[in-house]
Every structure is written in C-alpha cells, then in structure tokens.
Amino acid sequence: ISFGLAADFSPGGIFVPNSTFDTFNNKIVVVYADSTDSQKGYAAVGTVSGTDISFGTPVVFYSAGAMYEEMSLVFDSNSNKVVIAYQNFSESSGYISVGTVSGTSISFGDAVMFDSKSEYISAAFDSVNNKVVVSYALTNDTLKGYSVVFGNQTPAELGFTSTPNMTSAFDISTVVNGNTDTQLVTASGTQSTQFDMTPDGK
C-alpha cells in the first residue's frame, strides 16, 4: 500500500474524531470536536482523487454544549444521510444529528436528544430494516446498556424507543448482522448481547 500527501481537514484543534464513507456521493465525512472553538461539533467532507484527498470547509453540526466524549457516525444508504450520535458533555445528554452531503459541503437539521443521560455511544446501520441502531450506557442507571432504534432520518420522524440490554456497559461496540437480521452489542469484552430486530425495527 502507498499513501499520498496528508491533508488538513480542520484549521483548529482536533478532538474525538471519527469518519464514515458516503457511498451515494463517493465522499468521506469526518466529524470532530474543535478544541479551539469551545469543543463544538464540526463535520468536513473529503474528496479522494488518486492517492490524494482534499476537504471542503468544516461545518458546525452542534454548538449548544461542549463535546468531550466519543462520537459515532454511520451512513444510512436508504436515505443517503449521514447520522451522527454523540454526547453533550455539559449535560451528559445523547443527541442525533442528520447530515446531507452536497458537493464538498454538508448540511444538518436540528439536533435531536435521544436520552438525557448517556455515555459510551456507538451507532450502526441495519441495511435489512433500513434502521439506525444507537447503543449507549445510561449514566443515571448504573451504566446499564441501552439501545435505541429509529428510521426515516429526518428530525421530525425519528421516534426512538429505548431498550435495556446489558447490566453494565462501557466502550460499547455496535454491529448489525445483515445475514441473520440481528443486532450484536459488546461492552468492553466483558458482556455481550444479541437480539432479533422485529419488522418495525424495535
């Protein structure tokens, strides 16, 4: 393997970065907290050409509170949207932002809270049911593991339902098995749970 030149995607400080690939637009989307701008959440769109990559101007997707914990993002190939799950560290709440890539930029709808006390957030896309699954630890319930499932990635139609699935959860990884139509959640290697996704995604 060979690599081209490195490219900056942010003029500020980078904290808790993550990325995904938009297969509809053939773009890379990078999200991060800017440590030089009050830990606001930013996203940048990257375009690959040969062995080089270039980025558009970063866009703020969340500015209502500081972000110190991990962010998780997935590409929803049904709605062709990027879905970001993250924590507002100032209030420990879990939020979802839905982004649409256009050219070298990305735009977002309003952030939507999915739980008021969440940590160790991890997301995955279920391509069988066309749903996004977000797993997290509930900080006011002894860090029990919960999951929310939702589809139709517009803020007005998210409508999630929380389901407890682990007695203790941290460093969560969420994987959807498209062959058997089940979700597998592991928590730091100490516990795991697997359950079927019903047709309505709950």
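# Briefing: an all-strand predicted model

Ala33 is in contact with Gly13, Ile14, Phe15, Val16, Gln39, Lys40, Met67 and Met71, leaving aside its neighbours within four places in sequence. This is a predicted model. The protein has 17 strands and zero helices. Its mean pLDDT is 78.

**Overall picture**

- The protein has 202 residues, and buried ones make up 45% of them.
- Its accessible surface comes to about 9300 Å². Carbon and sulfur atoms account for 49% of that surface.
- Take the contacts between residues at least 6 apart in sequence: 42% of them join residues at least 24 apart.

**Ala33 in strand β2**

- Ala33 lies in strand β2.
- Its relative accessibility is 0%, so Ala33 counts as buried.
- The C-alpha atoms of Ala33 and Asn18 are separated by 9.9 Å. Along the chain, Ala33 and Asn18 are 15 residues apart.
- Lys40 is one of the contacts of Ala33, and Lys40 also takes part in a salt bridge.

**The salt bridge**

- The count comes to one salt bridge.
- The side chains of Lys40 and Asp37 form it, with an N to O distance of 3.8 Å. That value qualifies because the cut-off is 4 Å.
- Lys40 is partly exposed, at a relative accessible area of 25%.
- Asp37 is partly exposed too, at 23%.
- Why are these residues not classed as buried? Buried means under 20% relative accessible area, and the values for Lys40 and Asp37 are 25% and 23%.

**Aromatic pairs**

- The structure holds nine aromatic pairs.
- One of them joins Tyr32 and Tyr42: the ring centres are 5.8 Å apart and the planes lie at 15 degrees, so the pair is stacked.
- Tyr32 sits in strand β2 (residues 27–34) and Tyr42 in strand β3 (residues 40–49), so this pair ties together parts that are ten residues apart in sequence.
- Tyr32 and Tyr42 are buried.
- Phe61 and Phe108 form a tilted aromatic pair, at 5.5 Å centre to centre and 40 degrees between the planes.
- That pair links distant parts of the chain, 47 residues apart. Phe61 belongs to strand β5 (residues 59–62) and Phe108 to strand β9 (residues 105–108).
- Phe61 has 6% relative accessibility, so it counts as buried.
- Which residues make up the aromatic cluster that includes Phe61? Phe61, Tyr62, Tyr86, Tyr95 and Phe108 form it.

**Asn88 and its link to the cluster**

- Asn88 lies in strand β7 (residues 81–88).
- Asn88 is buried, with a relative accessible area of 1%.
- Its side chain makes a polar contact of 2.8 Å with the side chain of Tyr62. Tyr62 is a member of the aromatic cluster.
- Beyond four places in sequence, Asn88 is in contact with Tyr62, Ala64, Gly65, Ala66, Ser93 and Tyr95. Tyr95 is another cluster member.

**Ser93 and Ser118**

- Ser93 lies in strand β8 (residues 93–102). At 3% relative accessibility, it counts as buried.
- The side chain of Ser93 reaches the backbone oxygen of Ser116 at 3.1 Å.
- Not counting residues up to four places away in sequence, Ser93 touches Tyr86, Gln87, Asn88, Met113, Asp115, Ser116, Lys117 and Ser118.
- Ser118 is in strand β11 (residues 118–126). Its relative accessibility is 0%, so Ser118 counts as buried.
- Outside four places in sequence, Ser118 is in contact with Gln87, Ser92, Ser93, Gly94, Tyr136, Ala137 and Thr139.
- The C-alpha atoms of Ser118 and Gln87 are separated by 6.8 Å. These residues are 31 apart along the chain.
- Gln87 is thus among the contacts of Ser93 and of Ser118.

**Confidence**

- A pLDDT of 70 or more is reached by 71% of the residues.
- Over residues 154–161 the pLDDT is below 50. The model has 23 contacts for this stretch beyond near neighbours in sequence.
- Residues 195–202 also stay under 50. They have 18 contacts beyond four places in sequence.
- Where pLDDT is low, the predicted coordinates should not be read in detail.

Conventions
Residues are numbered from 1 along each chain as its sequence is written. This is a predicted model: local features need pLDDT of at least 70, side-chain atom pairs count only at pLDDT 80 or more; totals for chains, interfaces and linings use all residues. Side-chain values use heavy atoms; hydrogens and water are left out. Helices (H or I, at least four residues) and strands (E, at least two) are DSSP runs, numbered from the N terminus. Buried means under 20% relative accessible area, exposed over 50%, partly exposed in between (1.4 Å probe, protein chains only). A polar contact is a pair of N or O atoms within 3.5 Å; within protein, one must be able to donate a hydrogen and the other to accept it, and residues adjacent in sequence count only if both atoms are side-chain atoms. Contact means heavy atoms within 4.5 Å. Rings of Phe, Tyr and Trp (its six-membered ring) pair if their centres lie within 6.5 Å; planes under 30 degrees apart count as stacked, over 60 as edge-to-face and the rest as tilted. Accessible areas come from the Shrake-Rupley method with a 1.4 Å probe; for residues, only the protein chains shown count as cover. pLDDT is the predictor's confidence in each residue, from 0 to 100.
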